[in-house]
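Visitor: I would like to learn how to read a model of this kind. Please take me through it feature by feature.

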Amino acid sequence: YIVTVTKVIDIGMGKIREGSGISTFPIKYEAVVFRPFKGEVLDAVVTVVNKMGFFAEAGPLQLFVSNRLIPEEYTFDASAVP
C-alpha cells in the first residue's frame, strides 16, 4: 500500500487509449509504503468478533485472526463487543 508520495522524479509522455479517452502516464516516484510481512506484529483495531475469530484493521489492511491461532494463555470470548 502506498501511504504517501514523497517525491515525483519523472513524468513521461502520456498515452490516450482509443475508445475510452483514458490517459496513462509512466511516472517514477519515491513513496512511503506499508508492506507488512507474514508473522509481523501490528497495532490494530478490532472491528468484528465472531465464533471463528476476529477481524481487525491496521491502516488500510483488514486482518482476520482465527481463534485457533490465539495462544493458550489468552482466552477468546466470541460474545465480546469490540
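Guide: Start with burial. Buried means under 20% relative accessible area, exposed means over 50%, and partly exposed is in between, with a 1.4 Å probe and protein chains only. Serine 66 has 19% relative accessibility, so serine 66 counts as buried.

Visitor: What kind of model is this, and what are the ground rules?

Guide: It is a predicted model: local features need pLDDT of at least 70, side-chain atom pairs count only at pLDDT 80 or more, and totals for chains, interfaces and linings use all residues. Residues are numbered from 1 along each chain as its sequence is written, and side-chain values use heavy atoms, leaving out hydrogens and water.

Visitor: How do I read the confidence, and where in the chain is it lowest and highest?

Guide: pLDDT is the predictor's confidence in each residue, from 0 to 100. The chain averages 90, and 100% of the residues score at least 70. Helices (H or I, at least four residues) and strands (E, at least two) are DSSP runs, numbered from the N terminus. Confidence is lowest in E7, with a mean of 91, and highest in strand E4 (residues 27–33), at 95.

Visitor: Back to serine 66. Which element holds serine 66, and which residues does it touch?

Guide: Serine 66 belongs to strand E7, residues 61–66. Contact means heavy atoms within 4.5 Å. Leaving aside residues up to four places away in sequence, serine 66 touches Met52 and Gly53.

Visitor: How is a pair of aromatic rings described?

Guide: By the distance of the centres and the angle of the planes. Rings of Phe, Tyr and Trp (its six-membered ring) pair if their centres lie within 6.5 Å; planes under 30 degrees apart count as stacked, over 60 as edge-to-face and the rest as tilted. The whole structure has two aromatic pairs. In one of them, phenylalanine 55 and phenylalanine 64 are tilted, at 4.9 Å centre to centre and 50° between the planes. Phenylalanine 55 is partly exposed at 27% relative accessibility. Phenylalanine 64 is also partly exposed, at 41%.

Visitor: Now pockets. How much space lies in the largest pocket, and which residues are closest to its centre?

Guide: Work on a 1 Å grid over the protein atoms alone. A pocket is an open set of points where a 1.4 Å probe fits, with protein on both sides within 12 Å along at least five of seven lines; lining residues have an atom within 4 Å of a point. Points are joined across faces, edges and corners, and the volume is the space filled by probe spheres set on them. Here the largest pocket holds about 460 Å³. Its lining has 16 residues, and Glu40, Leu42, Leu63, Phe64 and Val65 are the closest to the centre. Strand E6 (53–58) and E7 each give two or more residues to that lining. E7 has the largest share, four residues.

Visitor: What is the make-up of the lining by class?

Guide: Ala, Val, Leu, Ile, Met, Phe, Trp, Tyr, Cys and Pro count as nonpolar, Asp, Glu, Lys and Arg as charged, and the others, Gly among them, as polar. The lining has 13 nonpolar, one polar and two charged residues.

Visitor: Where does isoleucine 22 lie?

Guide: In the loop between strand E2 (15–16) and strand E3 (23–24). Isoleucine 22 is partly exposed at 46%. Beyond residues up to four places away in sequence, isoleucine 22 touches Lys15, Ile16 and Arg17.

Visitor: Is threonine 75 buried or exposed?

Guide: Exposed, with a relative accessible area of 78%. Threonine 75 sits in the segment after E7.
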